[in-house]
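Here are a few notes from a colleague to read alongside the structure. Have it open in your viewer, and take the points in whatever order suits you.

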Amino acid sequence: MVHLDTVQKQISRKPLGAQVNIPPRRMDFDFSKAPINGYANDAYMTTFWAAFSALFPKGESFFVESVRHYRNQIQGDILKAQIAGFIGQEAMHSKEHVSFNKFFAAQGYPMDHLDRDVGNLLSFIQEYAPHRLQLAITVCLEHYTAIIAEYCLKADHMHRLADPEILKIWLWHALEENEHKTVAFDLYQQIGGYYLERSLMMIPTTFTLGFMFLWFHGRLLAHDKRLFSITKNWGGIKHFWGRGGMFQGIVPQLLDFFKPNFHPSQHDTDQLLNEWRERLFGEYGILKNEMNSVNNKKLMN
Ligand SMILES: [Fe+2]
Ligand SMILES: [Fe+2]
């Protein structure tokens, strides 16, 4: 028979985030054996993901700072625990994307320059924008990460194109983006954020994100000397931007953000997340060994 105090002790030993289904999972991906063009064996499509990844280390630190600023003003134990989970997960994402970006930098891509540029932009925002607007920007960008992540988890056709090692970081990140997708939104509402502000902020945030992403991708394609080669890039352009592609797929969910009563939980991903927790971390999960090897390393140190 299990005693109540034993169960309570086990629960209290769990990290706060894990108690509300936002567990920070420490990972340590190894890209040393990954192929150079690890997505569809195509440089346009592979650098698309590299440009996306270049945004993350500084971008996710910005998310964390914008949320952490309000940490001591939060009402409610559940939101406090969710914020602890959010901060833990985003910190891990930053760390692993630094290592993913180094993999591209080792091939000569100017990843350091991209990281510096996104860092400069975000430092400027941190210096001049009020804290609530910084959090509103985080809410907008978290909406993007949640809907792109949901699309990616569902997109079997994309999984088949990705190298298995590279696929791991994106599936793990996509799962966790959906686990914590309500956190920044709920905090923003609690500290007095309102509909008009968040929906208006989505417009400059979208333009800036879109411009920055295209600029970054262009610089990576220029490194490959194929920036202006329509014939070489056409397959990739159609894959992401064309009919039935990823961007067309996320538009309906993107527009939901502009509804006055929108909340991220309205995009119900509970079943999807249960399925992917099992596929990634269950008994035969493809990331089970990754988690174990990190835990083993911790024990040896
Ligand atoms: Fe993240
Ligand atoms: Fe996130």
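The points below go through the metal site, the aromatic pairs, the charges over rings and a surface patch.

1. Before you start, please keep in mind that this is a predicted model. Every distance, angle and area below is computed from it.

2. Let's begin with the metal site. Which residues donate to the iron ion (ligand 1)? The protein donors are Glu60, Glu90 and Glu177 through OE, His93 through ND1 and His173 through NE2. They lie 1.8 to 2.3 Å from the ion. If you want to find them in the sequence, look for the spacing E-x29-E-x2-H-x79-H-x3-E.

3. There is a second iron to look at as well. The iron ion (ligand 1) and the iron ion (ligand 2) are 3.8 Å apart, and Glu90 coordinates both of them. Distant parts of the chain are linked here by Glu60 and His93: Glu60 belongs to helix H4 (residues 56-68) and His93 to helix H5 (residues 77-105), with their positions 33 residues apart in numbering. Are these two side chains buried or exposed? Both Glu60 and His93 are buried.

4. Next, the aromatic rings. The count of aromatic pairs comes to 31. Take Phe52 and Phe213 as one example: their ring centres are 6.3 Å apart and their planes stand at 90°, so the pair is edge-to-face, the class for angles over 60 degrees. This contact also joins distant parts of the chain, since Phe52 is in helix H3 (residues 43-54) and Phe213 is in helix H11, 161 residues apart. Phe52 has a relative accessible area of 14% and is therefore buried, the cut-off being under 20%. Phe213, at 7%, is buried too.

5. A further pair worth displaying is Phe103 with Phe104. Here the ring centres are 5.1 Å apart and the planes meet at 70°, so this pair is edge-to-face. Phe103 is buried, with a relative accessible area of 13%, and Phe104 counts as buried at 1%.

6. Two arginines deserve a look for their positions over rings. Arg198 lies over the face of Phe257, 4.8 Å from the ring centre. In the case of Arg219, the charged end sits over the ring of Trp215, at 4.5 Å from its centre.

7. Finally, turn to the surface. What makes up the nonpolar patch of about 630 Å²? Its residues are Tyr194, Tyr195, Leu196, Leu200, Ile203 and Phe207. One of them, Leu196, lies in helix H11, which spans residues 195-223.

How values were computed: Residues numbered from 1 in each chain as written. Chains lettered and ligands numbered in written order. Predicted model: local features only at pLDDT ≥ 70, side-chain atom pairs only at ≥ 80, totals over all residues. Heavy atoms only, no water. Patch = residues over 30% accessible without salt bridge, like charges linked within 9 Å, V, L, I, M, F, W, Y side chains within 5 Å. Areas by Shrake-Rupley, 256 points an atom, 1.4 Å probe, with all protein chains shown as cover. Salt bridge = Lys/Arg side-chain N within 4 Å of Asp/Glu carboxyl O. Helix = DSSP H or I, 4+ residues; strand = E, 2+ residues; numbered from the N terminus. Phe/Tyr/Trp six-rings, centres within 6.5 Å; stacked < 30°, edge-to-face > 60°. Buried < 20%, exposed > 50% of the residue type's maximum accessible area, 1.4 Å probe, protein only. Lys NZ or Arg CZ within 6 Å of the ring centre and 35° of its normal. Donors = N, O, S within 2.8 Å, 3.2 Å for Na, K, Ca; no water.
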